[in-house]
Amino acid sequence: MAPYSSIIDLIGNTPVIEVSELSPNPDVKIYAKLEGQNPAGSVKDRIAKSMILDAERDGRLVPGGTILEPSSGNTGIALAMICSVKGYNLKIVLPDNVSIERRQLLEVWGAEIIPSPGNEGSNGAVRRALKIAEDNPEWVFLYQYGNEANPEMHYRTTGPEILEDVPAVSHFVAGLGTSGTLMGVGRFLKEKNPEIQILAVEPPAGESVEGLRSLEDGFIPPVFEKWDGWDLLDGKRIIRPIESIECARKLAQTCGIFAGISSGAALAGALRVAEQIERGSIVFIVCDGGWKYLSTEAWTKPLDEVAETIDRIIYF
């Protein structure tokens, strides 16, 4: 294998592993796409790279420039890694109740953290970032929720990778956060085969599951509407926080995959789909690794104790 010129070149081309031993239906295969294998550890590496390159191309981002972004962790971490390589300044508006590992990773790569109230979640971070961007127009506000470089990256890379590795894919399942993964992968797969079903995973309306969002709660990411999300999605699966934790534990204990809790939510959605179809091949996104959440003890504490902390700690 030839050496790479930069850590940024390692983003993408993540592996897929079959986890059909978890399937409730022997005629339904389940595959996990391991986005935690990206160099900064999550699916957000892809969009961080895409948004920065896009801002460079259109002249908004110049050498020594400053980037502003709200994040509950993974996008900020990915941006921080790339900014450290490219020499940009980075300011991340971060809810103050994220796991300590995510805060430390931002600091390792030199990001400045602007805290926002944890009880306001990611929506509160977005509101504060919008106000800061208005007051500092000289900074580059990437805004992953409205930046079309987000779904475009998944359209160009994640979708083709999935189809190459699992040509028989019949259902694609992913968490609904910014909606970039669902929109980009979904559009690509639908163009190749309109019969492929695109399914979102979201929490019940009113429940606080950071990193995933319910469209019923009022905030609809602009990229969801720009990419015709209402028409693209074939359905959604409502997954409660406790199911997410249980399925994250299943991934670790049965398949050896140590993944974050939002990946457990995606698996729970895939299992629901598998129960409802006769046969098929389901691909779901493993968004990141579990090592960013070790301090929460989500894998080691009794399940009921972990569930009680859901509203206090951002797991996603």
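Colleague: How do α1 and α5 lie to each other, oblique or not oblique?

Modeller: Oblique. This is a predicted model, by the way. The axes of α1 and α5 cross at roughly 130°. Angles over 145 would count as roughly antiparallel and 65 to 115 as roughly perpendicular, so this pair is oblique.

Colleague: Which residues are in those two helices?

Modeller: Helix α1 covers residues 44–57, and helix α5 covers residues 149–165. Their axes come within 8 Å.

Colleague: Left-handed or right-handed crossing?

Modeller: Right-handed, as α1 passes α5.

Colleague: Which residues make the contact?

Modeller: From α1, they are R46, I47, K49, S50, M51 and D54. From α5, they are A149, N150, M153, H154, R156, T157, T158 and E161.

Colleague: How many of those are nonpolar, polar and charged?

Modeller: Four are nonpolar, five are polar and five are charged.

Colleague: Switching to the whole chain. How many helices and strands are there?

Modeller: The protein chain has 11 helices and 10 strands.

Colleague: What about the radius of gyration?

Modeller: The protein chain has 18 Å. A compact globule with 316 residues would be near 20 Å, so the value agrees.

Colleague: And what does the C-alpha trace span?

Modeller: About 55 × 45 × 40 Å along its principal axes.

Colleague: What share of the residues is buried?

Modeller: Of the 316 residues, 59% count as buried.

Colleague: One more, on contacts. Take residues at least 6 apart in sequence: what share of their contacts joins residues at least 24 apart?

Modeller: That share is 71% in the protein chain.

Terms used
Residues numbered from 1 in each chain as written. Predicted model: local features only at pLDDT ≥ 70, side-chain atom pairs only at ≥ 80, totals over all residues. Heavy atoms only, no water. Axes fitted to C-alpha atoms, helices over the stretch in contact; angles between N-to-C directions. Helix = DSSP H or I, 4+ residues; strand = E, 2+ residues; numbered from the N terminus. Parallel < 35°, antiparallel > 145°, perpendicular 65-115°, else oblique. Left-handed = near helix turned anticlockwise from the far one by under 90°. Contact = heavy atoms within 4.5 Å. Nonpolar A, V, L, I, M, F, W, Y, C, P; charged D, E, K, R; others polar. Rg over C-alpha atoms; globule rule 2.2 N^0.38 Å. Buried < 20%, exposed > 50% of the residue type's maximum accessible area, 1.4 Å probe, protein only.
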